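Please open the structure in a viewer and keep the sequence panel visible. The tour below proceeds from selection to selection.

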Amino acid sequence: MMNNKDNFDKDRENLQGMLDLAEFGAKRHDDRRSIEFRIFISYMTLLILAFHQTIKATSLSVEVWQSIGLSLLSLGIHLTYVMWQIGVAVAMANDAWRRNFYLKKAECILHHLSKYPESTFCPGNAEVTVNFGSEKREMTERQLFKEPAPIFISVSNFGELFKHFNQIWNDWSRMFVIAVPTLLFFVLAALFFKKAY
């Protein structure tokens with residue numbers, strides 16, 4: 001009986017550890033979601049104010065060199081916004097990966113303990129589906145528990161973010177925070193050049 005109690009306590013500790021890791025990933029994912037939308041709201045406010053001022057102006061008297069400078073500055077700001085959103089998307093993908101991986105492990109232990117409360121959990125050949133963010137994989141419980149902790153997407157410099165642009169297409173809300181400002185940005189640019197020339 002003591003041996004079973006020790007095993008049960010060990011399973012409970014493992015379960016709690018995995019749930020804590022999954023909760024940590026989920027909390028960070030939610031925090032990043034709020035950051036993503038705060039950046040979006042701030043940038044959209046800036047674009048709408050610029051759009052309003054451009055429409056309100058009867059004519060824009062700018063020199064050619066000034067318009068080129070303003071265009072390059074605006075494009076730089078917009079690219080920085082897009083890269084920032086890609087960075088947030090990469091971080092969210094990492095958090096989702098961590099959350100899903102450890103939650104699936106915890107589910108396996110919990111399922112076993114609910115069916116066989118007296119026995120120690122031992123990974124078997126039952127099939128499970130694990131969502132690794134960018135892909136879903138079918139594997140056995142034994143393979144899942146042998147699988148190392150998720151290897152996260154790492155970005156060492158600003159330029160590497162371009163390689164992870166595909167993270168934007170994994171979620172409709174991420175597409176929304178990129179597509180809407182980009183569309184408004186080009187409408188604003190067209191309106192600016194029409195007024196200036």
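In what order do the elements of the protein chain run from the N terminus on? They run α-α-β-β-α-α. The model is a predicted one, and the protein chain contains four helices and two strands.

**The whole chain**

Begin with the protein chain displayed as a surface. The chain exposes about 12300 Å², and carbon and sulfur atoms supply 64% of that area. Of the 197 residues in the chain, 34% are buried. Now turn to the contacts within the chain. Among those between residues at least 6 apart in sequence, 76% join residues at least 24 apart.

**Along helix H1**

Next, select Glu-23, which is found in helix H1. Is Glu-23 buried or exposed? Glu-23 is exposed, because its relative accessible area is 54% and the threshold for that class is over 50%. Add Arg-98 to the selection: this residue lies 75 residues from Glu-23 along the chain, yet the two C-alpha atoms are separated by 9.3 Å.

Then move to Asp-31, also a residue of helix H1. With a relative accessible area of 36%, Asp-31 is partly exposed. Select Met-92 together with Asp-31; the pair is 61 residues apart in sequence and 9.2 Å apart in space, taken from C-alpha to C-alpha.

**Into helix H4**

Select residues 172–196, which constitute helix H4, and locate Ala-179 within this helix. Ala-179 has a relative accessibility of 44% and counts as partly exposed. What separates the C-alpha atoms of Ala-179 and Val-82? The separation is 9.6 Å, although their positions lie 97 residues apart along the chain.

**The aromatic rings**

Show the aromatic side chains next. How many aromatic pairs does a search of the whole structure find? The search finds five. One of the pairs is formed by Phe-185 and Phe-186, with 5.4 Å from centre to centre and 75° between the planes, an edge-to-face arrangement. Phe-185 is buried, since its relative accessible area is 9% and the limit for a buried residue is under 20%.

Continue to Phe-192 and Phe-193. Their ring centres are 5.5 Å apart and their planes stand at 75°, so this pair is edge-to-face as well. Select the two residues one after the other to compare their accessibility. Phe-192, at 16% relative accessibility, counts as buried, whereas Phe-193, with a relative accessible area of 36%, is partly exposed.

Finally for the rings, select Phe-37, Phe-40 and Phe-176, which form one aromatic cluster.

**The largest pocket**

The last stop is the largest pocket, whose volume is about 480 Å³. Which residues are the closest to the centre of this pocket? Of the 18 residues that line the pocket, these are Ala-50, Leu-70, Ser-74, Phe-185 and Leu-188. Select them together; Phe-185 was already visited as a member of an edge-to-face pair with Phe-186.

To see where the walls come from, colour helix H1 (2–56), helix H2 (64–115) and helix H4, the elements that give two or more residues to the lining. Colouring the lining by residue class then shows 15 nonpolar residues, three polar residues and no charged residues.

Conventions: Residues numbered from 1 in each chain as written. Predicted model: local features only at pLDDT ≥ 70, side-chain atom pairs only at ≥ 80, totals over all residues. Heavy atoms only, no water. Buried < 20%, exposed > 50% of the residue type's maximum accessible area, 1.4 Å probe, protein only. Phe/Tyr/Trp six-rings, centres within 6.5 Å; stacked < 30°, edge-to-face > 60°. 1 Å grid on protein atoms, 1.4 Å probe; cavity = no way out; pocket = protein on both sides within 12 Å on 5 of 7 lines; lining within 4 Å. Points joined across faces, edges and corners; volume = space filled by probe spheres on them. Nonpolar A, V, L, I, M, F, W, Y, C, P; charged D, E, K, R; others polar. Contact = heavy atoms within 4.5 Å. Areas by Shrake-Rupley, 256 points an atom, 1.4 Å probe, with all protein chains shown as cover.
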